[in-house]
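Work through the following exercises with the sequence and the model side by side, and attempt each task before reading its solution.

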Amino acid sequence: MDLIEVYIQEVTRRLPEKSRADIALELQSTIRDMLPDDYNEEEVKDVLSKLGSPAALAAGYRDQPMHLIGPRYFDVYVSLLKMILPIAAAIALISVAAEFIFDFHRDDAIINMVLGLMGYGVWRLIEVAIQVFFWLTIVFAVIERMDKGKEQHPLSPSLKPWTPDDLKSITYIPKKKAISKCEVFGSLMWTAIWATLYFYADRLMGVYRGGGEGLEFQIAAVNQEVLLGYWPIVVVIIALEVGLALYKLIIGQWTKRMAIFNTVLELFATIVFIFILLNPNLLQPEFTAYMSDLFSISAAQFKSWLLGGIVIVFIFYAGMSIFDGVRKSRIQ
């Protein structure tokens, strides 16, 4: 068996058909020049070892990389993947919650709806993650193969070759001041949860009683018409919260400007929701009567306790959020 011919065959079969003959002749000449006049098998093996694996040598002749996404674009690829996935996941969960709440009927068992929402939500998250990963990978794989530049140094997130000057545009972020992507995802999820509860309160908030198939919805707690009467300003709050979450994702750390925006948003949202809670027609009379009988207190006393407790929770949460934002923005 002629090891030289086999080696050349292993190299050229990995190359385009039109270039195989020329490269085969070039390789044969190179190998012959590296061998003595009277060579043996061991000397052939030594020369072939120096040339390296046929696959690696063939890669050197190819115009396109063998890897899917190489080191030149890998950092940019991973950065975009980390940025897009949380946003896509939050949007997917919001759409799933809206679908289930919209199709939910009071006669349905709440436990079945919750379990279905959890199962379908997990499946939708997996589906969205696969879709984002697939299409982003395809895009960068195409970019990798269209890049005909000889320089293959890794690119910075700005899609330019890295230089020490890039460090001047990077701000050092202390660990305690940084905003994690989990925090951003949590903010988006919380906005999705309370928005869903607000616009479908008459289907979700109320009295549930045990039935043949689990818990069944019996009495609505709130008057949905009252809540929908404030929908324009509530939508503004939702948009501001989503905008703040995306701003956190982009900046990556607490700043004074962000802390001010967060403070204004928390105060604005708290005032709006306290104003809504003080509406005398917010609670359904049937719900108030049922709960007052359950706790053996007057309807007015129950409303005072319930709404007062919710107001305290709103104020406490807003205060903690404002304090945490201001504290982190002051960290040097």
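**Exercise 1.** Identify the buried residues of α13 and state what covers them.

*Solution.* In this predicted model, the buried residues of α13 are F302, L307, V311, A318, S321, I322, G325, K328 and S329. The next step is to look for their cover, which includes α7 (181-199), α11 (256-277) and α12 (285-295).

**Exercise 2.** Check whether the end-to-end distance of helix α13 agrees with its number of residues.

*Solution.* Helix α13 runs over residues 299-329 and so has 31 residues. The expected span is 1.5 Å times one less than the number of residues, and for α13 this gives 45 Å. The C-alpha atoms at the two ends of α13 are 45 Å apart, which agrees with the expectation.

**Exercise 3.** Determine how buried and exposed residues are arranged around α12.

*Solution.* Begin with the buried residues of α12, namely F287, T288, M291 and S292. Because these residues cover an arc of only 125 degrees around the axis, they lie on the same side of α12. On the other side of α12, the residues P285, E286, D293 and L294 are exposed. Following α12 comes S296, which has a positive phi near 55 degrees.

**Exercise 4.** Classify Y120 as buried, partly exposed or exposed, and place Y120 in its surroundings.

*Solution.* Y120 belongs to helix α6, which comprises residues 110-146. Its relative accessibility is 32%, and therefore Y120 counts as partly exposed, since that class lies between under 20% for buried and over 50% for exposed. Together with V122, W123, I126 and I130, Y120 forms a nonpolar surface patch whose accessible area is about 510 Å² in all.

Methods
Residues are numbered from 1 along each chain as its sequence is written. This is a predicted model: local features need pLDDT of at least 70, side-chain atom pairs count only at pLDDT 80 or more; totals for chains, interfaces and linings use all residues. Side-chain values use heavy atoms; hydrogens and water are left out. Patches are made of residues with over 30% relative accessible area and no salt bridge: like charges are joined within 9 Å, nonpolar side chains (Val, Leu, Ile, Met, Phe, Trp, Tyr) within 5 Å. Accessible areas come from the Shrake-Rupley method with a 1.4 Å probe; for residues, only the protein chains shown count as cover. A salt bridge is a side-chain nitrogen of Lys or Arg within 4 Å of a carboxyl oxygen of Asp or Glu. Helices (H or I, at least four residues) and strands (E, at least two) are DSSP runs, numbered from the N terminus. Buried means under 20% relative accessible area, exposed over 50%, partly exposed in between (1.4 Å probe, protein chains only). Contact means heavy atoms within 4.5 Å. The arc is that of the directions from the helix axis to the C-beta atoms.
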